[in-house]
Amino acid sequence: MNRPQREAAARRIMEQSPPRVPPELYADAVRRGGRMLRRRTAARRLMWLVLGAAAVAFTVWALTVQPWVEPPSETTPPVTGWEGW
């Protein structure tokens, strides 16, 4: 089948009337679409809740541990008894 024949076949298909859709199909599509939207909304809310909880947990951890403060050195003992020199 060459290109003009394919184009003619495509035009014939597009000029035909669309097939009849069963009436109950619309109700099923609306019901399924509503369910998908509710699931997507619930998943988005859960994601934001988990993200917020992680941010709060990180903030609390950072404030209690204070990783930006340098820990005291434990390699050298404190110097005592040098007052007499």
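Start by selecting Arg3 and Glu7, and show their side chains as sticks. In this predicted model, the two form a salt bridge, and their closest N and O atoms sit 3.0 Å apart. Now turn on the cartoon: both belong to helix 1, which covers residues 3-15, and their spacing of four residues puts about one helical turn between them. Add a surface and compare the two partners. Arg3 is exposed, because its relative accessible area is 58% and the cut-off for that label is over 50%. Glu7 has 34%, so it counts as partly exposed.

How many salt bridges does the structure hold? Two, so there's another one to visit.

For that one, select Asp28 and Arg31. Their side chains meet in a salt bridge, at 3.1 Å from N to O. You're in helix 2 now, and these partners lie three residues apart, again about one turn of the helix. With the surface back on, Asp28 comes out as partly exposed at 27% relative accessibility. Arg31 is partly exposed too, at 43%.

Stay on helix 2, which runs over residues 23-65, and move along to Leu49. Is this leucine buried or exposed? Leu49 is exposed, with 59% of relative accessible area. Widen the selection to take in Leu46 and Val50 as well, and colour the three by residue type. Together with Leu49 they make a nonpolar patch on the surface, and the accessible area of the trio adds up to about 310 Å².

Next stop: the aromatics. Select Phe58 and Trp61, and look at their rings. The structure holds one aromatic pair, and this is the place to see it: the ring centres are 5.7 Å apart and the planes meet at 35°, so the pair counts as tilted. If you're wondering about that label, planes under 30 degrees apart would count as stacked and over 60 as edge-to-face. Rotate the view until you see one ring side-on, and the angle between the planes should be easier to judge.

Why are Phe58 and Trp61 separated by about one helical turn? Because they are three residues apart in helix 2. To finish, bring the surface back over this pair. Phe58 is exposed, at a relative accessible area of 53%, whereas Trp61 is partly exposed, at 41%.

If you'd like a set of selections to save, try these:

- Arg3 and Glu7, for the salt bridge in helix 1
- Asp28 and Arg31, for the salt bridge in helix 2
- Leu46, Leu49 and Val50, for the nonpolar surface patch
- Phe58 and Trp61, for the tilted ring pair

Notes. Residues are numbered from 1 along each chain as its sequence is written. This is a predicted model: local features need pLDDT of at least 70, side-chain atom pairs count only at pLDDT 80 or more; totals for chains, interfaces and linings use all residues. Side-chain values use heavy atoms; hydrogens and water are left out. Patches are made of residues with over 30% relative accessible area and no salt bridge: like charges are joined within 9 Å, nonpolar side chains (Val, Leu, Ile, Met, Phe, Trp, Tyr) within 5 Å. Accessible areas come from the Shrake-Rupley method with a 1.4 Å probe; for residues, only the protein chains shown count as cover. A salt bridge is a side-chain nitrogen of Lys or Arg within 4 Å of a carboxyl oxygen of Asp or Glu. Helices (H or I, at least four residues) and strands (E, at least two) are DSSP runs, numbered from the N terminus. Buried means under 20% relative accessible area, exposed over 50%, partly exposed in between (1.4 Å probe, protein chains only). Rings of Phe, Tyr and Trp (its six-membered ring) pair if their centres lie within 6.5 Å; planes under 30 degrees apart count as stacked, over 60 as edge-to-face and the rest as tilted.
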